[in-house]
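Biologist: Could you walk me through this structure step by step? I am new to this, so please take it slowly.

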Amino acid sequence: MQRYGLPFFDQMHGLSAMEAHLAKRPRAYPPEAMSLAIIRWKLGMAREACEALTDRGRRDFGPWQERVDAVARKIDCSS
């Protein structure tokens with residue numbers, strides 16, 4: 001915890017840091033894509049927020065699809 005956990009939490013002190021961290025990761029897991037979209041929306045990056053959800057249109061989110069769609073509606077992604 002002290003070697004890996006604490007430095008990680010120390011770096012995640014703001015939305016910009018969280019956005020940079022999530023943007024580097026492949027978002028195969030839907031909660032990461034939703035988190036990235038919400039953070040980008042809060043940072044005023046509306047287009048990028050929607051892209052975090054829609055650029056994976058080729059992928060089936062399965063049981064997460066309803067939640068992904070709800071996030072897209074909440075942050076006003078129209079398409």
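Modeller: Before any counting, it helps to know that helices and strands here are DSSP runs, with at least four residues for a helix and at least two for a strand, and that they are numbered from the N terminus. Please also keep in mind that this is a predicted model.

Biologist: Okay, so how many helices and strands are there in the protein chain?

Modeller: The protein chain has five helices and zero strands, and its pattern, read along the sequence, is α-α-α-α-α.

Biologist: And what share of the residues counts as buried?

Modeller: Of the 79 residues in the protein chain, 32% count as buried. Looking at contacts instead, if we take those in the chain with a separation of 6 or more, 41% of them are between residues 24 or more positions apart.

Biologist: Let's look at a pair of helices. At what angle do H3 and H5 pack?

Modeller: Helix H3, which covers residues 30-42, packs against helix H5, residues 65-74, at an angle of about 5°, and the two axes are 10 Å apart. Angles under 35 degrees count as roughly parallel, and H3 and H5 are therefore described as roughly parallel to each other.

Biologist: Which residues meet there?

Modeller: From H3 the residues are Pro-30, Met-34 and Ile-38, and from H5 they are Arg-67, Val-68 and Val-71. Sorted by class, this contact of H3 with H5 holds five nonpolar residues, one charged residue and no polar ones.

Biologist: New topic: how many salt bridges does the structure hold?

Modeller: The structure holds three salt bridges. One of them links Arg-40 with Glu-19, where the closest N and O atoms are 2.9 Å apart. Arg-40 sits in helix H3 and Glu-19 in helix H2 (residues 15-24), so this pair ties together parts that are 21 residues apart in sequence.

Biologist: Are those two buried or exposed?

Modeller: Arg-40 counts as buried because its relative accessibility is 13%, and Glu-19 is also buried, with a relative accessible area of 13%. The cut-off behind this is that buried means under 20% relative accessible area.

Biologist: What else is Glu-19 in contact with?

Modeller: If we leave aside its neighbours within four places in sequence, Glu-19 is in contact with Leu-36, Ile-39, Arg-40, Leu-43 and Met-45. The side chains of Glu-19 and Arg-40 are also joined by a polar contact of 2.9 Å.

Biologist: Where does Met-45 lie?

Modeller: Met-45 lies in the loop between H3 and H4, and it counts as partly exposed because its relative accessible area is 24%. Again leaving aside neighbours within four places in sequence, Met-45 is in contact with Glu-19 and Arg-40, and these are the partners of the salt bridge we discussed a moment ago.

Biologist: Let's go back to the salt bridges. Which side chain meets Glu-48 in one?

Modeller: The side chain of Arg-47 meets that of Glu-48, at 3.3 Å from N to O. Arg-47 also forms a salt bridge with Glu-51, at 3.0 Å from N to O. Arg-47 and Glu-51 both belong to helix H4 (residues 46-54), where they are four residues apart, which is about one turn of the helix. Through shared partners, the salt bridges join Arg-47, Glu-48 and Glu-51 into one network.

Biologist: How do the residues of that network count by relative accessibility?

Modeller: Arg-47 counts as exposed because its relative accessibility is 54%. Glu-48, at 23%, counts as partly exposed, and Glu-51, at 35%, is likewise partly exposed.

Biologist: Last bit: which residue that is not a glycine has a positive phi?

Modeller: That would be Asp-76, which has a positive phi of about 65° although it is not a glycine. Asp-76 is found in the segment after H5, and with a relative accessible area of 63% it is exposed.

Biologist: And where is the place of Ser-78?

Modeller: Ser-78 is placed in the segment after H5, and it is exposed, with a relative accessible area of 67%. The C-alpha atoms of Ser-78 and Cys-50 are separated by 8.6 Å, while the two residues are 28 residues apart along the chain.

Key. Residues numbered from 1 in each chain as written. Predicted model: local features only at pLDDT ≥ 70, side-chain atom pairs only at ≥ 80, totals over all residues. Heavy atoms only, no water. Axes fitted to C-alpha atoms, helices over the stretch in contact; angles between N-to-C directions. Parallel < 35°, antiparallel > 145°, perpendicular 65-115°, else oblique. Contact = heavy atoms within 4.5 Å. Nonpolar A, V, L, I, M, F, W, Y, C, P; charged D, E, K, R; others polar. Salt bridge = Lys/Arg side-chain N within 4 Å of Asp/Glu carboxyl O. Buried < 20%, exposed > 50% of the residue type's maximum accessible area, 1.4 Å probe, protein only. Polar contact = N/O pair within 3.5 Å; in protein donor to acceptor, adjacent residues only side chain to side chain.
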